[in-house]
Amino acid sequence: MTDPTPTAPARPTPMSASEATAAAARVLDAVEIAVVGKRASLELLLTGILAGGHVLLEDLPGLGKTLAARSFAQALGLPFTRAQFTPDLLPADLTGAEVYDQRTGEFVFRPGPVFTGLLLADEINRTPPKTQSALLEAMQERQVSVEGTTRKLPDPFHVLATANPIEHEGTYPLPEAQLDRFLLRLSFGYPTAEQEWDVVSRRIDRRREEQTVPQVLDASGLLGVQLAVEDVHVEDAVGHYAVELVSATRGHQHALVGASPRGTLALITCARALAVIRGRSYVVPEDIKDLAHPALDHRVTVKPELWLQNATGAGVVEAVLGEVPVPAATEPVSQASA
């Protein structure tokens, strides 16, 4: 059974490549008002959003993951909800449930936090796999099924999930199938001393704890930028370079399971979005290289006997980056003659 009244998608505002680049720059400038000194990481996070996907932020507490998610929601003009993942969180707490209305004598659907524009799944590895899997359908199909009824999610819809990489007590590692649904996995890292003082001085000047950033786009504007990403050109040589990188992870001696074709799609899709952010309408090999670790590390599983040697997916990706020949960066003929 399908819900007869799905959420109507926002009407996209068509954008040229230059307009999309300018819009992306304004979004990053707005978010940097709140998140200090992390332009490169914010650029990659925006890349995942413009590519139409979901991003996993795996980092230590207190480094701005929640602030970044809320700031992007404000700058992009998207409805924002936060779900705190705990061991007792149930799937219905995310998707919503049918509730009996005593006034009407009927069951009505009460939507959960997943019905939003940008969902912050905070500490996703603190909830059991059954609840983690409740996000799978939402992330992949942009819909949820409750009591036999399928309901469409708003468009656009993005998940930013956070996870603590060092605290393992009371956590449930994400299964490979769910990790694969995240286009990118990122971390912010510690700020420099100068950046940290900038955070403190801004708090002093602000005279309050909460921070807000100006709205730059709305839902239709974001969809317009995402449509512009679909027009970005990928030369065959650059596409084959991405395919060879991903294929090499499968044959590496430390890899139990290499990245799947979904990893190749993620690499190419994100490279097109990154090209727009960087002011190009075509992808260059440097875009692929800059995205290799965020797009592929979490998709590579190393052999169990190598865990004590600190072998990681990142090590496998770094090795293949050094082995696979990089094609020459060439501007498409249509671009050069324009």
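These exercises, each with a worked solution, walk you through a predicted model.

**Exercise 1. Find out how helices α2 and α11 pack, and which residues make the contact.**

Start by locating the two helices: α2 covers residues 39–50 and α11 covers residues 261–277. Next, look at their axes, which lie 8 Å apart and form an angle of about 120°. Angles from 65 to 115 degrees count as roughly perpendicular and those over 145 as roughly antiparallel, so this angle makes α2 oblique to α11. As for handedness, α2 passes α11 in a right-handed crossing. Now pick out the side that α2 brings to the contact: Glu43, Leu46, Thr47 and Leu50. Helix α11 answers with Cys270, Ala273, Leu274 and Ile277. Sorted by class, this contact has six nonpolar residues, one polar and one charged.

**Exercise 2. Work through the crossing of α1 and α3 in the same steps.**

Begin with the geometry: the axes of α1 and α3 come within 9 Å and cross at roughly 135°. The two helices are therefore oblique to each other. Their crossing is right-handed. From α1, the contact takes in Val27, Leu28, Ala30 and Val31. From α3, Ser71, Phe72, Ala75 and Leu76 take part. Finish with the classes: seven residues are nonpolar, one is polar and none is charged.

**Exercise 3. Decide whether helix α9 is largely enclosed or open, and say what its buried residues pack against.**

First, find α9 at residues 219–229. Then count: 10 of its 11 residues are buried, so the helix is largely enclosed by the rest of the structure. If you would like to check them in the model, the buried residues include Ala219, Leu222, Leu223, Val225 and Val229. Gly221, Gly224 and Gln226 are also among them. Last, look at the surroundings: the buried residues of α9 pack against α1, α2, α3, β8 and α11. You have already met four of those partners in the exercises above.

**Exercise 4. Classify the aromatic pairs, and tell which of their residues are buried or exposed.**

There are two pairs to find. Take Tyr100 and Phe107 to begin with: their ring centres are 5.3 Å apart and their planes stand at 65°. Planes over 60 degrees apart count as edge-to-face, so that is the class of this pair. Tyr100 is partly exposed, with a relative accessible area of 46%, while Phe107 is exposed at 57%. Turn now to Phe109 and Phe115, whose ring centres are 5.6 Å apart. Their planes are at 70°, so this pair is edge-to-face too. Here, both Phe109 and Phe115 are buried.

**Exercise 5. Describe the surroundings of Arg250 and of Ala329.**

Arg250 has its place in helix α10, residues 236–251. With a relative accessible area of 42%, Arg250 is partly exposed. Setting aside neighbours within four places in sequence, Arg250 is in contact with Gly258, Ala259, Ser260, Pro261 and Thr264. Thr301 is 51 residues away from Arg250 in sequence, yet their C-alpha atoms are 9.6 Å apart.

Ala329, for its part, is found in the loop between α13 and α14. A relative accessibility of 57% is over the 50% cut-off, so Ala329 counts as exposed. Beyond its neighbours within four places in sequence, Ala329 is in contact with Val284 and Pro285. Finally, compare Ala329 with Pro113: they are 216 residues apart along the chain, and their C-alpha atoms are separated by 44 Å.

Definitions and conventions. Residues numbered from 1 in each chain as written. Predicted model: local features only at pLDDT ≥ 70, side-chain atom pairs only at ≥ 80, totals over all residues. Heavy atoms only, no water. Axes fitted to C-alpha atoms, helices over the stretch in contact; angles between N-to-C directions. Helix = DSSP H or I, 4+ residues; strand = E, 2+ residues; numbered from the N terminus. Parallel < 35°, antiparallel > 145°, perpendicular 65-115°, else oblique. Left-handed = near helix turned anticlockwise from the far one by under 90°. Contact = heavy atoms within 4.5 Å. Nonpolar A, V, L, I, M, F, W, Y, C, P; charged D, E, K, R; others polar. Phe/Tyr/Trp six-rings, centres within 6.5 Å; stacked < 30°, edge-to-face > 60°. Buried < 20%, exposed > 50% of the residue type's maximum accessible area, 1.4 Å probe, protein only.
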